[in-house]
Amino acid sequence: MEIILDQEKHVVNIFKIQRFSLHDGPGIRTTVFFQGCPLRCGWCSNPEGQLKKTRIFYYESLCIHCGKCISVCPNKAIGPAFETIQARCVGCGECASVCYTGARQVSGTPMTVQDVVEICLADSMFYFHSGGGVTLSGGEPVMFSEFSCELLKELKAHNISTAFETCGYVDETDFIHLAKESDLVLFDLKTIDESASISMLGQDLKKPIQNLTSLFELKKRVRIRFAVIPGFNDTEEQVNEYATYLAPYSDKFEQVEILPFHRLGGGKYQALGMSYEYQDVVEYSDRELSEITGIFRDRGIKAVVMS
Ligand code: SF4
Ligand code: SF4
């Protein structure tokens, strides 16, 4: 039976809860990854977080071809080479439950607000002593604004500091609603190059620019995140344009966090039956990252490379 996720009932798919995270806001944090995103970035290191529905990873190297998964699949969604036939798979997880080698794994666990809060509370002591807290990430937590708002309120009720990360390509009302509940917003401003946004992300810049402008007006703690990606937003001209755009607002955000392209998520694409076009793309050298950082610093913007 297909798992139906009903936001009104406050159940969403969470694909990972990362404890002791040091890269998603200040201090020691727990990062909650929502499954579902409005974008389909080809370089994404968490491709399992793009679709809302439960996904099945198939790691061929772990498979001993016992055939148990095929025998239990109610939808004939596993092919002769044990690959998942995506159009038929409903994410029931039956196959993974009988695969004792771990070749088949489920991505996406339906969770309630209370389920998530319970896990987050386990590390309260670390948040308080480090100035940390909980960060909602994804995927895109604003797509689940009702759930996310309720979650942030619950965490605040336990005196836990909160943050969320967003790409900004989301509904403005939902975005403001969530931003008002959060102590910090990590805003992934992907580009300010309209043609790059349209050609690579399929959307213009209206939503992210409007949401960022609204966020600045709210006077919230903000950090800008700049995922620098070869062939998308990394020419000298593009980075200059990006930094020049942000410079007049430099008193409205704490820093620009530069997230260099990497290929660490590449193996997941194959396991999900997706194509990955960045397999042979070269990662940045320290010198190149230093030059990018310098472009921001030259404009009086604090910029740090997140490794
Ligand atoms: S149950 Fe696991 S190990 Fe057995 S055939 Fe299926 S994927 Fe391979
Ligand atoms: S999750 Fe596994 S068992 Fe369920 S439909 Fe998909 S392939 Fe079949």
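Here are a few questions and answers about this predicted model.

Reader: Which strands sit at the edges of the nine-strand sheet?
Author: The sheet is open, with mixed pairing, and its order reads E5-E1-E2-E6-E7-E8-E9-E10-E11. An edge strand here pairs on one side only. That picks out strand E5 (109–112) and strand E11 (303–305).

Reader: And by how much are neighbouring strands of this sheet turned against each other on average?
Author: Leave the strand direction out of it, as this value does. The average turn between neighbours is then 30°.

Reader: What is the bridge partner of Phe226 in E10?
Author: Start with the two strands: E9 covers residues 221–228 and E10 covers residues 256–260. They run parallel, and five bridges join them. For Phe226, the partner in E10 is Ile258.

Reader: Helix H5 packs on the sheet, so to speak; what angle does its direction make with that of E6?
Author: Helix H5 spans residues 145–157 and touches E1, E2, E5, E6 and E7. Strand E6 itself is residues 133–137. The angle between the H5 and E6 directions is about 175°.

Reader: Which strands does helix H6 touch?
Author: Helix H6 is residues 172–181, and it packs on the sheet too. Its direction makes about 150° with that of one strand it touches, E7. The full answer is E7 and E8 (184–188).

Reader: How many charged residues are in the shell around ligand 1?
Author: The space ligand 1 takes is the second largest cavity. Around the ligand you'll find, among others, Tyr58, Cys63, His65, Phe82 and Arg104. By class, the shell has eight nonpolar and three polar residues, and the charged count is one.

Key. Residues numbered from 1 in each chain as written. Chains lettered and ligands numbered in written order. Predicted model: local features only at pLDDT ≥ 70, side-chain atom pairs only at ≥ 80, totals over all residues. Heavy atoms only, no water. Pairing = 2+ DSSP bridges. Helix = DSSP H or I, 4+ residues; strand = E, 2+ residues; numbered from the N terminus. Axes fitted to C-alpha atoms, helices over the stretch in contact; angles between N-to-C directions. Contact = heavy atoms within 4.5 Å. Near = heavy atom within 4 Å. 1 Å grid on protein atoms, 1.4 Å probe; cavity = no way out; pocket = protein on both sides within 12 Å on 5 of 7 lines; lining within 4 Å. Sits in = over half its atoms within 2 Å of the grid points. Nonpolar A, V, L, I, M, F, W, Y, C, P; charged D, E, K, R; others polar.
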